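Here are some notes on the model, set out point by point so that they can be followed with the coordinates open. They take up a pocket, two sheets, a loop residue and a cavity in turn.

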Amino acid sequence: MKKILFVSELGGGLGHFAPLKAVADRVLAQQSGAEQYECIFSVKDCVGAHQAFTGAAFPILPAPVSEPSQTAITRTSSYSEVLEQIGYLKKERLTSILSAWDDVLTLLKPDLIVADHSPSLCLAARGRISVALIGSAHTMPPVNMPRYPTLRAGVEPAQYQEAMLRNINTVLAERGQPTLSALPELLNTEKRFVFSLPQADPYAGLRNEELLGSYNEGLRRTDLPDEPHLFLYAGAVPEYLDPIIQAVSQTKAKISAYLGNTNTAAAQFLKLRGGHIYSKPPELSEVLPTVTAVMSHGGAGLSQAALISGRPQIIVPIHFESEATAGRLESLGVGKGIRSANVDDLKNAISAVLEVRRFGENAQAVARSIADMNLPASATQLVAKGVVELLEST
């Protein structure tokens, strides 16, 4: 029996676990009597994954992580800054991070790794264990660049990238692993799969690999219902949740929500006001056709699913990736980004997206253009096939 280790090192919330689980489910479905696969997960939010996916067909273990501050996450403007914030400029720190992953790999002895947003694991496994890297366009920068570009207008690229490259190569050389010719090469794994739409790629014009669309299955454009109905997916940052719930509860729309923990005061309050609270992450292919708008923190999976379905969006950014998502949705005319925890600001944004016709009309037009693209019928099936091929070649 061959063993596959599924890893999410840096990703917060379930948006990084969900695509890994979708791929693992597809891989397990492909096994035959002659060839069986064992899937093991090592993820940042181990407890949240257990809560959301009770009864999963594989063990879910905690991953060694190096956590940057929320302030650092918010000001990030390039992938090199993500690496700097977790210690890649400090030799001793980087050595310790890779040693932690060495212990995981030594204990679990995987034949193959499938990873999402896991740069340190990619380095620890470099030249030793094959890696299939998956993720959104934001967490999968192109590998054919000499350095990481800035993704924030008016901000110069980080000047320490050469120093970081030297530090990484010193550590890799001491560990007896192949060194990097350029910093972006650290994510140049044996296989790469980018779950993204062209409209959501911050590296458009720099990327020369296929975009696979959404990892969510069964999505399609549908007409907007006549009655206003808001789907709220929130809870990743507790300090934002109370003002969001207050604003949402003051709208005239029907409310459906997934908030993670259903026992919070916010969830109970919304339920008392007539909202429907999902206890588990719902199937987006079933939920989105029933709603007229989506409100979230701008995670790649949900925001792109809403684009495919033709739903306008309200985004409350919690880090640079979701801030960038809000900006792209605003440029498409399909939503509003609210960079404030003020109840009145949130309420006004919700009312505008629900009541101003152009948001829905633009969202429907974008969804039609996406439907005309030659995207894979099943992105997870394509990835699972590639994973199995890589596993069988090891």
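How many nonpolar, polar and charged residues does the lining of the second largest pocket have?

1. The model is a predicted one, and the values below should be read with that in mind. In the second largest pocket, the lining has 8 nonpolar, 5 polar and 6 charged residues. The space in this pocket comes to about 350 Å³, and of the 19 residues that line the pocket, those closest to its centre are Pro228, Val353, Leu354, Glu355 and Val356.

2. As to which helices take part in this pocket, α13 (343-355) and α14 (357-371) each supply at least two residues of the lining. Helix α13 gives the most to the lining of the second largest pocket, with 4 residues.

3. One open sheet is made of 6 strands in the order β9-β8-β7-β10-β11-β12, and its pairing is parallel. At its edges stand β9 (276-278) and β12 (335-337), and because each has a single partner strand, one side of each is left without a neighbour in the sheet. Between neighbouring strands of this sheet the turn is 15° on average, with direction ignored.

4. Within that sheet, strand β7 (229-233) is mostly covered, since 4 of its 5 residues count as buried, under the cut-off of 20% relative accessible area. Which strands does β7 pair with, and through how many bridges? Strand β7 runs parallel to β8 (residues 254-258), to which 5 bridges join it, and β7 also runs parallel to β10 (residues 293-296), with 4 bridges joining these two strands.

5. Phe231 is a useful residue for following the pairing across these strands: Phe231 stands opposite Ser256 in β8, and in β10 the bridge partner of Phe231 is Val294. Going on from Ser256, the bridge partner in β9 is His276, and β8 and β9, which run parallel, are joined by 3 bridges. Helix α9 (residues 265-272) packs on this sheet, where α9 touches β7, β8 and β9, and the direction of α9 makes about 140° with that of β9.

6. Another open sheet of 6 strands has the order β3-β2-β1-β4-β5-β6, again with parallel pairing. Its edge strands are β3 (60-62) and β6 (191-194), each of which pairs on one side only, and neighbouring strands of this sheet are turned against each other by 20° on average, direction ignored. Strands β1 (residues 2-8) and β4 (residues 112-116) run parallel and are joined by 5 bridges; Val7 stands opposite Ala115 in β4.

7. Which helices lie across the strands of this sheet, and at what angles do they run? Helix α1 (residues 17-30) lies across β1, β2 (37-43), β3, β4 and β5 (131-135), running at about 175° to β2. Helix α15 (residues 379-393) lies across β1, β2, β4, β5 and β6, and runs at about 170° to β6.

8. Is Ser196, a residue of the loop between β6 and β7, buried or exposed? Ser196 has a relative accessible area of 0% and is therefore buried, the cut-off for that class being under 20%. Leaving aside neighbours within four places in sequence, Ser196 is in contact with Ala137, Asp201, Leu211, Leu212, Gly213 and Gln304.

9. Gln304, one of those contacts of Ser196, leads on to the enclosed space in the model. A search of the whole structure finds 2 cavities of 30 Å³ or more, and about 110 Å³ of space lies in the largest cavity. Of the 15 residues that line the largest cavity, the closest to its centre are Ala200, Ser303, Gln304, Thr325 and Arg328.

10. What does the lining of the largest cavity consist of, by helix and by residue class? Helices α11 (300-309) and α12 (320-332) each supply at least two residues of this lining, and α12 gives the most to the lining, with 5 residues. By class, the lining of the largest cavity divides into 6 nonpolar, 7 polar and 2 charged residues.

Terms used: Residues numbered from 1 in each chain as written. Predicted model: local features only at pLDDT ≥ 70, side-chain atom pairs only at ≥ 80, totals over all residues. Heavy atoms only, no water. Pairing = 2+ DSSP bridges. Axes fitted to C-alpha atoms, helices over the stretch in contact; angles between N-to-C directions. Contact = heavy atoms within 4.5 Å. 1 Å grid on protein atoms, 1.4 Å probe; cavity = no way out; pocket = protein on both sides within 12 Å on 5 of 7 lines; lining within 4 Å. Points joined across faces, edges and corners; volume = space filled by probe spheres on them. Nonpolar A, V, L, I, M, F, W, Y, C, P; charged D, E, K, R; others polar. Buried < 20%, exposed > 50% of the residue type's maximum accessible area, 1.4 Å probe, protein only.
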